[in-house]
Amino acid sequence: MSKINDRIETIFSHAVALQQDGRFRNTIHCSGKMIHIMNQDMTVILRFPIRQSETEFKEPVSFFANDYDSKMFEERKGKICFIQGNEDYERTKSCKVPSTQNKDPKKIYAAIPIEKENCVHIKSSILGLLQDDLSHIEFSCTDGKLKVVQRNIFSGALIEIKKKAAKGLLTEKDSTGDFPVMAIRTNDFAALFSFVNIIKFYFSGNGYIYFQSMSKKLKMDGVVSQCVYE
């Protein structure tokens with residue numbers, strides 16, 4: 001039986017909140033020294049390493065985020081069971097385990113060659129300037145200036161975001177050359193900031209974008225798929 005601490009429960013709680021919001025349905029996969037969270041559209045994989053002071057998962061455990069119910073859980077006869085109780089009673093919630101056939105985030109992630117080019121730091125404060133009902137966000141860099149764009153393909157309206165500083169959205173921590181437009185789904189991009197406030201993105205342009213959190217309290221990395229749309 002696994003019993004997680006408050007830090008790991010916080011990770012799970014964020015995943016549950018994203019699921020219940022209806023814009024990022026996801027599954028949670030715990031194995032060894034790593035937690036993987038993957039949305040059911042398979043466009044985002046997040047990884048959270050287990051700290052040395054924390055107990056690693058000796059047996060792999062997977063469950064739908066919306067089923068999460070207790071810090072204590074284990075797999076029994078092909079079902080994930082969440083256990084909680086008091087001095088008089090014990091409550092067990094048994095749930096279906098998500099299939100990992102062709103959907104194992106650990107294997108999918110391992111097959112992706114990670115490239116760390118065109119590094120850009122982005123803060124969560126950008127979310128307040130984005131329009132949630134527009135499906136995609138475009139990122140590009142020209143002459144050292146990053147541009148973030150949302151388009152309403154029906155009305156023709158255009159949202160363009162630039163940082164007030166002279167270097168566009170780039171900071172002294174960024175290291176990037178020019179790169180063409182790369183699009184990310186708005187919901188996928190926003191979901192990443194549910195866990196941390198500053199994220200370092202690598203716009204390598206190979207069908208995916210690698211990212212890392214800048215938080216010392218919560219280490220996180222992963223990949224988000226690029227999108228092609230008209």
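**A sheet, a helix and salt bridges**

I209 has V224 in strand 16 as its bridge partner. This is a predicted model, in which local features need pLDDT of at least 70 and side-chain atom pairs count only at pLDDT 80 or more, while totals for chains, interfaces and linings use all residues. Residues are numbered from 1 along each chain as its sequence is written, and side-chain values use heavy atoms, with hydrogens and water left out.

The I209 pairing belongs to a set of 5 bridges that join strand 15 (residues 208-213) to strand 16 (residues 221-225), and these two strands run antiparallel. Helices (H or I, at least four residues) and strands (E, at least two) are DSSP runs, numbered from the N terminus; two strands pair if DSSP finds at least two bridges between them.

Strands 15 and 16 form part of an open sheet of 8 strands, paired antiparallel in the order 5-2-3-4-16-15-14-9. Strand 5 (57-64) and strand 9 (119-123) stand at the edges; each has a single partner strand, so one side of each is left without a neighbour in the sheet. From one strand to the next, the twist averages 20 degrees.

Helix 1 (residues 6-21) lies across strand 2 (26-32), strand 3 (34-39), strand 4 (44-49) and strand 5, where contact means heavy atoms within 4.5 Å. The helix runs at about 160 degrees to strand 2; axes are lines fitted to C-alpha atoms, for helices over the stretch in contact, and angles run from 0 to 180 degrees between N-to-C directions.

The structure also holds 11 salt bridges, each a side-chain nitrogen of Lys or Arg within 4 Å of a carboxyl oxygen of Asp or Glu. One of them joins the side chains of E54 and R7 at 2.8 Å, N to O. E54 lies in the loop between strand 4 and strand 5 and R7 in helix 1, so this pair ties together parts that are 47 residues apart in sequence. Both E54 and R7 are buried (under 20% relative accessible area; exposed is over 50%, partly exposed in between, with a 1.4 Å probe and protein chains only).

Another salt bridge brings together the side chains of D69 and R91 (2.4 Å, N to O). It links distant parts of the chain, 22 residues apart: D69 is in the loop between strand 5 and strand 6 (72-76), and R91 is in strand 8 (residues 90-96). D69 is partly exposed at a relative accessible area of 24%, and R91 is partly exposed at 43% relative accessibility.

R76 forms a salt bridge with E74, with the closest N and O atoms 2.6 Å apart. R76 is partly exposed, at 33% relative accessibility. Finally, D6, E9 and K71 are joined into one network by salt bridges that share partners.
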